[in-house]
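Me: I should like a close look at a single part of this structure. Please explain how the buried and exposed residues of one helix are arranged.

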Amino acid sequence: MSGMEKLVIREGKKEDCTQIRGLIQELADYEKTPDGPKISADTLIQDGFGEKQFFHTFVAEIDSKLVGFSLYFYAYSTWEGRAVYMEDIYVQPDYRGKGIGTKLWKSVVGAGLAQGCTRCNFQVLNWNAPSIDYYKRQGATDISESEGWLAFRMTHDAMKAFVKKGESSSQ
């Protein structure tokens, strides 16, 4: 039996978090930001499997080894209602081109549809041409091109500074 015949796509569980954290680091290395991930496996356990669940995940497993994952959460559009946001999707290089990423993505989209979501949002780096082309072939739209949306982010420090602005008379 080939390794692909042993492939299982399933919902992640807290026992997977150490391996998921390793895959997150591999993704960061691929994205040329090796110092990017600041979270630990314990953070993943707390935030994904604790009292308040901030994310969900699917994993690709072959012989008890995780070879890929997708991490997502639910959001809301004031124009269209329920949405699913795919934060990350990653498949180890040796397992790419075998449909694993597609199965992980379909799992996220399927979970969103089951919850009544009207869209699946995600981001892709502008230099990742193979992924951009793939997503477009599957029906995804680059809304930075079609609608002019730009992605913004506030860091934790910027968030704290913003909330404090105007709180004292000296500001």
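Reply: The following account concerns helix 2 and then the nonpolar cores.

This is a predicted model, in which local features need pLDDT of at least 70 and side-chain atom pairs count only at pLDDT 80 or more, while totals for chains, interfaces and linings use all residues. Residues are numbered from 1 along each chain as its sequence is written, and side-chain values use heavy atoms, with hydrogens and water left out.

Helix 2 spans residues 41-49; helices (H or I, at least four residues) and strands (E, at least two) are DSSP runs, numbered from the N terminus. Within helix 2, Ala41, Leu44 and Gly48 are buried. Buried means under 20% relative accessible area, exposed over 50%, and partly exposed in between, with a 1.4 Å probe and protein chains only. Seen down the axis of helix 2, the buried residues fall within an arc of 50°, so they line one face; the arc is that of the directions from the helix axis to the C-beta atoms. An α-helix has 3.6 residues a turn, so residues three or four places apart point the same way. The face turned away from the buried side carries the exposed residues Asp42 and Gln46. Helix 1 (17-30) is included in what covers the buried residues of helix 2, where contact means heavy atoms within 4.5 Å. At the N-terminal end, Ser40 caps helix 2.

Elsewhere, the largest nonpolar core has 18 residues; such a core is a set of buried Ala, Val, Leu, Ile, Met, Phe, Trp, Tyr and Cys residues joined through side-chain atoms within 4.5 Å. Helix 3 gives the most to this core, with 5 residues.

Key:
A polar contact is a pair of N or O atoms within 3.5 Å; within protein, one must be able to donate a hydrogen and the other to accept it, and residues adjacent in sequence count only if both atoms are side-chain atoms.
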